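Open the model in your viewer and keep the selection tool at hand. The stops below say what to select and what to look for at each one.

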Amino acid sequence: MSEAPLPMGDPVELGFDPERLAQLGPAMQHFVDEQKVPNLVTLLARKGQLVHFEARGVLDLEQGNPVGKDSLFRMFSNTKPIAGVATLILFERGILTPDDPVARFLPEWGDLSVVNRNELMLTEPAKRPLTIRHCLTNTTGLMNPGVMPEMYRQRFRQELAQLGHEEADAYAQDIPNRDRVRAMAALPLGFHPGERFVYHVGYPILSAVLEEACGQTLDVFFKENIFDPLKMDSTDFYLKPGTQNRFGTNYAPRELDGEIKLHAVETAANSEKNGPRKHFGGGGDAGGVLSTAGDYARFGQMLLNGGELDGARILGRKTVDIMVGNHTGDMTIPMTGRGFHWGLGVATYHGHGAPPLIRSVGTYGWGGAAGTTYFGDPKEELLGVCLTQVMNHGMMPGNNYQETFQRLSYQALV
């Protein structure tokens, strides 16, 4: 793929005020100069045409290697929309449906119990089967390991140890995902499926379901059915040969001598993304896929186009409508607050019960743990991608680069 992932457009013809649009770059540079982020690669497109695509900062603060438009980023949970598309490809082919029980593909999930909320030592049968939709919508009933009651943790210490949850890094034990999912099935659910939103925990199960359903590892299925057709040539779960110079350090805020500064948590050289190829987490486990702003923009533009880009049809138009539709009813999504519902791999803004935001109703997208984010606005035919590599960036005061990127993108529309 060439450096421009989408055709270049005239901002005026596409409905932008050039002076307002020009505010975007300097605002992003401010966050880099203040070392709130090591870098920012930002992209904005309307009606399938680029009006802004810039790279600012460095791949690593220690060596100062400049970031580029083709730099690779750990996408973490920005992998979830890709997993949603993969699920719906198999749905269109008649291989599965969102309401299929997980046990159809993973038999160990066929006899579920749920802990009694009044007495954690007791369990009761689950009211309904665990389905693929529950995994996609974060409503499995599984408990997040980080907030499990201590009594639960003590009772199921052996099972949790098999999952690696007794380690500081759950992936340090190198447990294959299929084995991890089998061990998860030995734990009772914390809630009945479909009744509570608990983020991410169902996506390892979904990854195992997809591999069983398609008969391939997830990296191969993603490549053959999404990445290759969309010419997302740089995107993969692991570094491709000759690309390490495009990959940087991942940071996190740490307090040092009373000041919060960025601290390296994983360099390019010591990254799991060098291989061997073991973890293909459809929800972003072990960093999820690696991608560039341009590659991810092609994925996002495909969805905005109703499932097609440059002659490559990935999904049907009505299937995309299913993906971004409301699958969680009136549940409040903790990370977004009121005004959003969860679809099949994305969160969508519906605007009910919350003050208006600077986006259209129907805008959807998601982000990743290392500071990546993207949105697609069907009403305005607007696509935004904003990438950096900082875990828990909100812990650093004033580090609102994502909100600034979206605000300045919309205020430039006239």
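Select strands E1 (residues 39-46) and E2 (residues 49-57) of this predicted model. They pair in the antiparallel sense, over 8 bridges. Within this pairing, show alanine 45 and find leucine 50 of E2, which stands opposite alanine 45. Then go to the turn of the hairpin, where 2 residues lie between the strands. One residue to check there is lysine 47, which takes a positive phi near 55°.

Next, colour the aromatic side chains. How many aromatic pairs does the structure hold? There are 14 aromatic pairs. Begin with tyrosine 296 and tyrosine 374. Their ring centres are 5.2 Å apart and their planes stand at 70°; angles over 60 count as edge-to-face, so this pair is edge-to-face. Tyrosine 296 belongs to helix H10 (residues 293-304), while tyrosine 374 belongs to strand E14 (residues 373-377). The two parts are 78 residues apart in sequence, so the pair ties them together. Are these two tyrosines buried or exposed? Both tyrosine 296 and tyrosine 374 are buried.

Stay on strand E14 and select phenylalanine 375, together with tyrosine 410 of helix H12 (residues 401-411). Here the ring centres are 5.7 Å apart and the planes are at 25°; planes under 30 degrees apart count as stacked, so this pair is stacked. The pair links distant parts of the chain, 35 residues apart. Phenylalanine 375 and tyrosine 410 are both buried.

Now select Phe222, Phe227, Phe237, Tyr238 and Phe280 as one set. These residues form one aromatic cluster. Keep tyrosine 238 on screen and add lysine 273, which lies over the face of the tyrosine 238 ring at 5.2 Å from the ring centre. For another lysine placed over a ring, select lysine 80 and tyrosine 203. Lysine 80 lies over the face of tyrosine 203, at 4.8 Å from the ring centre.

For the last stop, switch to a surface view. Which residues make the nonpolar surface patch of about 300 Å²? Select Met121, Leu122 and Met151, which make up this patch. Methionine 151 sits in helix H5 (residues 150-155). The relative accessible area of methionine 151 is 45%, and values between 20% and 50% count as partly exposed, so methionine 151 is partly exposed.

Definitions and conventions: Residues are numbered from 1 along each chain as its sequence is written. This is a predicted model: local features need pLDDT of at least 70, side-chain atom pairs count only at pLDDT 80 or more; totals for chains, interfaces and linings use all residues. Side-chain values use heavy atoms; hydrogens and water are left out. Rings of Phe, Tyr and Trp (its six-membered ring) pair if their centres lie within 6.5 Å; planes under 30 degrees apart count as stacked, over 60 as edge-to-face and the rest as tilted. Helices (H or I, at least four residues) and strands (E, at least two) are DSSP runs, numbered from the N terminus. Buried means under 20% relative accessible area, exposed over 50%, partly exposed in between (1.4 Å probe, protein chains only). A charge sits over a ring if NZ of Lys or CZ of Arg is within 6 Å of the ring centre and within 35 degrees of the ring normal. Patches are made of residues with over 30% relative accessible area and no salt bridge: like charges are joined within 9 Å, nonpolar side chains (Val, Leu, Ile, Met, Phe, Trp, Tyr) within 5 Å. Accessible areas come from the Shrake-Rupley method with a 1.4 Å probe; for residues, only the protein chains shown count as cover. A salt bridge is a side-chain nitrogen of Lys or Arg within 4 Å of a carboxyl oxygen of Asp or Glu. Two strands pair if DSSP finds at least two bridges between them.
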